[in-house]
Every structure is written in C-alpha cells, then in structure tokens.
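Below are some notes on the model, set out as numbered points. Please read them alongside the coordinates.

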Amino acid sequence: MKLLIKNGRVVDPASGKDAVGDVFVADGRISESFSKPDKTIDAKGLVVAPGFIDLSARLREPGFEYKATLESEMNAAVAGGVTSLACPPDTDPPLDEPGLVDMLRRRAKALERARVYPIGALTVKLQGETLTEMGQLADAGCVAFSQANVALRDTQVLWRALQYAATFGFSVWLRVEDAWLAKNGVAHDGDVATRLGLPGIPAFAETIALGTLLELVRATRARVHVCRLSSAGAVEMMRAAKKEGLPVSCDVGVHYVHLCDRDIGFFDANCRLDPPLRSQRDRDALAQGLADGVIDSLCSDHTPVDEDGKHLPFGEAEAGATGLELLLPLALKWGAARKLSLGQTLSRITCEPARILGTASGRLASGAPADIAIFDPQAPFRVSAEALKSQGKNTPFLGYELQGRVRTTIVAGNVVYEA
Amino acid sequence: MQRDPQLNANGELQHLLSIEGLPREILLQILDTAESFAGVTEREVKKVPLLRGKSVFNLFFEPSTRTRTTFEIAAKRLSADVINLNIAVSSATKGESLLDTVANLSAMQADIFVVRHGSSGAPFLIARHVKPHEHVVNAGDGRHAHPTQGLLDLFTIRHYKKDFSKLAVAIVGDVLHSRVARSLIHGLTTLGAPEVRVIGPQTLMPSGVEALGVRVFHDMKAGLKDADVVVMLRLQNERMRGPLLPSAQEYFMHYGLTIDKLALARKDAIVMHPGPMNRGVEIDSSVADGPHSVILPQVTFGIAVRMAVMSIVAGN
C-alpha cells in the first residue's frame, strides 16, 4: 500500500524541516518518493507532522472500565493525533505481571489505533516493598518501570530498585513527591489554599523528593525520567542535574504550563490534579523550562475520571483530567505564548518524547514508522463534553476556545482517524 | 472566572457561602437586618411570619450543637418549618452521595438548606446543583468558611465598638484550621478595620496568610498590645499534642488568654470566642467569665444574624 500526502506544510521537528511538500508512505514506513500511489490525501492548507507521542495516558483498563475503556480512550488518542502513548501501571490490578502487560498490548493492538507502550510497575502491586520481575516485564513489552502516582516512601527500596534497573539498563520513570509532606494535601500550599481552606502540599515536597532521587541517580547511574514536574525549584534542579551529566530527563503535564492554583476558582474539582497546580511563578517557570529544553517533553497526563469521582467537594474529588484530545491545541497555545516556531513546539510532543521512549517514530525521516498527524493549526475548537471522544469529560479547560484540530491520523501507514 | 456563585444575576444574595467577595453593602444589609431582629428575640411573642410556609433543612454532616440549635431557633422565629438531619449518622454512612442526599431533600420541597460539612467547598458544590428557588446557607465547611459565625462576630464588634474604621482586632490561636478566623478576617477587611492581627505559633499559621490582609504575630504580648477586640479560637483536642504542639499546658503558657496578657490590650477591649471553649487551654476562666467577655452575647446575637441571613436569601 502506497500513500501520498501531498501539498501539506510538512513539519518534521527532528530534522528541522518546515516546508510545503509531499510525504510518501510505503509498507507502513516513510519512504522516498514514488510515482503511483494507491491513495492520495490532499493536505493543502494543513500541517503534516509526525504523530504525537504522549508519555502519560491512562487507559483505565484493566480495572476501571467505569471510568473509561481501552476503546474509548484509544479513539480519543487518535482523534487528538496521538499515535503512540505510554500508559502508567496504576491499573487494577497494577501492571506488575507479564501476563497483564501482554494482554493489554494484545487488546490495544486489536483495536488498530495508537501504539501502546505499557510502563511496568517498579514494585509488586506498587506497594513499594518487593521489586517486580523487570526482566520478564520488559520481555512482555514494558518500556520502563514506574510507581505511577503511588509514592515509594522507603528510600532503601528506591535505592535498590534503581540499582537493579541500572544493572539491566532499564529506565525508571518516577513522580517526585515526599509522601509525608504531601500527606492529606489537595492543593498547592500557598495563599490560594489558605483562602479556600484546603490542606496544602508545599513545593518543597517535590524538591526534597527530587533531591533524594538525584542523589540516588548519582550513586546508581540509573536512567531516570522524572514525571510531571510542578514547581519552579524542580526545574532549576533538573537544569543543574543535566548540566552535571546525570542520565536524567523530565516532562511536564499540559495543564501545568497553562494553569495555576488561582484557576481552582470556586472549588472547581476539575482543577483537582496530582501533582497540584502551583503558583503563577511555578507555572511560568515550567512553561519556560519546557521552552528552553530543561524539560524534555510535554504530556497530556490523560486521566479520565467518571462524574461521580468529580461531583464531590474539591478535596474529596478524584485527581486527574482528561487530556489526549487537548494535547495538540494546548501545545500550540503554549508554543505561541513562548513565540516558538511550529517545529520547536511540536518537538516536545514528537521527537523529544520518542527519544525518551526509545522509539523510531516521532520523525518523518525515510524508513521511520509512518505515524503521522495531519492537522489544521488554526481551526477553532471550543472544549465541551460533547466534543470529547474520551469517556472522561473532566478538564479544567471546559469552555475554553482553543485552536488546532486534527484532520487525519495515520499509524503504520494506515488511516486510523479522519475528522 | 465565573460569577460569584452566591450572588444572583442582580447581584443579590442567593446563597450565603462565604464572606469573601461579598460587597460591603450586603454585609451591612445583613447586619442592619439583624439589628431589627434583635428586638424580636426580646419580645414575649418571639415570632415574625417572614418564612411562614417555607421549609428549612438543617443538613449537618459534622456534629454541632450551638450552630445547629441557633439556626433552628432562628428559622422557627421566622415561622419556618425546620427539619434537622444529622447526616453524620444516616445517609452518608449508607454510602449515599452528597448530591443524592440533597436531590432527595429537594424532592421534599426544601426552600433553604443550612449545610455544615467537613470538606472545604462542599456548600459550593451543593449550591451549583440546587433548583433556582432553593437557597444554601453555609454553616461551616472544612477550614474554609463559617460565614454566619463571621457575621455574628462582626455584629458583636459593631454592637460594642460602633465603628470599624479605627479598630485593632487580634485573632489568637489555631488560624490554620479555623473557618471562623477566615470568615472574620474577610468581614473585617471588607468593613474597613485598619488592623487585623493573627497570633499563634508558625505551626498554626497557614502559609501566605498575610495575603488575606493580616499582620502575623508569634509573640502574644506584642500582638495584644492596644487591641480593641480579642478573638480567641478553639483549639481542637486532637491538635493539642502532636506535630503541631507539644502540649495543652505549653500552648496555654504561650497563647492562653489570661488577665495579665489581656491587660496589654486597651482598657475597654472586648473578648470573644466562637465556642465551645476549652477553659485553661486557650482561655482562662477568669477572662471567660470576666468583665471584658462578650462570649454569651455573641450566642444571642447569633440568632438575630441567622434570622437576617435566612430572611434575606429567601427574599431574593
């Protein structure tokens, strides 16, 4: 099957290309030019870019099918132009056994939508006590190991887990939040939480945990990806760690470069997120850190929550927001605010996360997997429950006017979504 | 940012959820209305027919004696039917959700929901889901707000001091967990009190509290100096000994209000407490029962203030 995408503005952040032209696809890969395509897509006036790669999207299976199903969320992914996604292990049961990982991959593959990269649990049942069989989980398809949002309190176990992962070259992806300092907290510890009477999580809950983790990386040389930074202090620590040459990378969730604790307004439970939205200063430091490259990647941190989980007082509401379908428009909004080129903007959701994930996708080079998003960067989009394919309608951006609509999504050369 | 959910499209009080954000005019309207009701409570026949035929549901998800009782008395003096629900020992323990509980009561023709809940913001959630003719009055939510207590505190201060514009008010104790303190601070700053102080150890001060417009003191003597009004906050039993404080005795030593410490305030200072008091922990009996104390009048004023709030929201 030969596919020609013609006349589009081809933006390939990995090579720096940004020019009107054609993209050729043959046998599921980007190819050199050919003369007789089996199918042609006219992308005139649209952007043709590598499909987006999301380093954190919860699909809610197994265990939380009432919140979302693999099918609903995979439809949401491709509607958002996301062609590869990594899913955290906090399912029920958690992804701590090869059989579970294998089944998830098969079920995802059968849906023929986006590529799913499971992240295995670092410890059995995410309980922070016993290491999982990382070797067998990796064989089953896990690309990294993580505790998802479950804190690993025991630093002895953390140290050993990093040593073990480093022995075999596995990547460890970790959130950083000191569980004691975050205990009972539901919002950033600052004047907004004080006003609203919400128990706070201080920013130093993040920097203290990050300090511990970086010291352990220094000792073990484990490859560590730090997930969902939320504070200005953590951005500066990551800057220094990278300068020092530690094998670390990091990402930020798409909400954190746009929102801050003030957006909680009158107790909007859609702003109940983990980590919490912090101050305006933190938000600006995160947006800038992502622009200057200290933060490698932008992810949706897609977490569909059912209505019952959000129709609760703020502190009792379940944390998380839906995000797969907002990744592109919110990335574009961030890039525009920082005056970045389209290529620079898209790099944070294409080639940069691809590097962290260790995949060959995320680029339009000849021979790369033909995972492609074709989108209209100016198309207006009013965020509403009806407009979202995800089963989760929970987002602080409800009612926002955003720009950027995906028209066609291609995975391995096959059209998996058309608007 | 959405419109303040406690005001209707005409800017009138639809619900009373928080003192924060309420215009000065509405605060004064409530205080003036309460003034007019203060007389009713002294009459032999203590009833006015303003809420005749209306139903007031007292929805208490947290235990309360004083607040619930004064709301009940206030509603009855307005001739409303009052239904008390102690949810802490009924539906919630059966797993019914907050909104389901409210929807069921709404089906029983409620007009006013008086809500106390342990989670900050719970009355806002309820207010977003009630019918247009129904009103929500916050009777205390988590650490967030206790607006009728704040209003009765303001009423008490105005009663004794007349004018807010020259007052120094000192609020002493567990500000971190206190919805009473937050509501009073917002009320005082809105009505123009020039100096609002909060006094307590760092462990009981919420971060960024200065942003509410207060000065923070850790030394009680410095904080009480020349104060016109001293408001003592209740210290919950479970917080007297643990990571926040070493013991009730040591707390009393530093922050308990004694006659000696009170002598640093102005001679005509009044002493307030939202109750229930821990004698010998935050306040010495000689002060609680002494000439500066207006703690019992506060309770009486609370009835008039709650009558005012319910009659105003029901009329809008």
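The points cover conventions, chain B, the contact between the chains, and one helix pair.

1. This is a predicted model, in which local features need pLDDT of at least 70 and side-chain atom pairs count only at pLDDT 80 or more, while totals for chains, interfaces and linings use all residues. Residues are numbered from 1 along each chain as its sequence is written, with chains lettered from A and ligands numbered from 1 in the order in which they are written.

2. Chain B has 11 helices and 9 strands (DSSP runs, H or I of at least four residues and E of at least two, numbered from the N terminus). The C-alpha trace of chain B spans about 55 × 40 × 40 Å along its principal axes.

3. In chain B, 76% of the contacts with a separation of 6 or more are between residues 24 or more positions apart (a contact means C-beta atoms, placed from the backbone, within 7 Å).

4. Chain A puts 19 residues into the contact and chain B 26 residues. On the side of chain A that touches chain B, helix H6 (residues 191–196) of chain A gives the most, with 4 residues.

5. Within chain A, helix H4 (residues 155–168) and helix H7 (residues 204–220) pack with their axes 10 Å apart, at an angle of about 40° (axes are lines fitted to C-alpha atoms over the stretch in contact, and angles run from 0 to 180 degrees between N-to-C directions). H4(A) and H7(A) are therefore oblique to each other (neither under 35 degrees, roughly parallel, nor over 145, roughly antiparallel, nor 65 to 115, roughly perpendicular). Residues of H4(A) that meet H7(A) include A:Leu158, A:Trp159 and A:Leu162; among their partners in H7(A) are A:Leu216 and A:Val217.

Key. Two residues are in contact if their C-beta atoms, placed from the backbone, lie within 7 Å.
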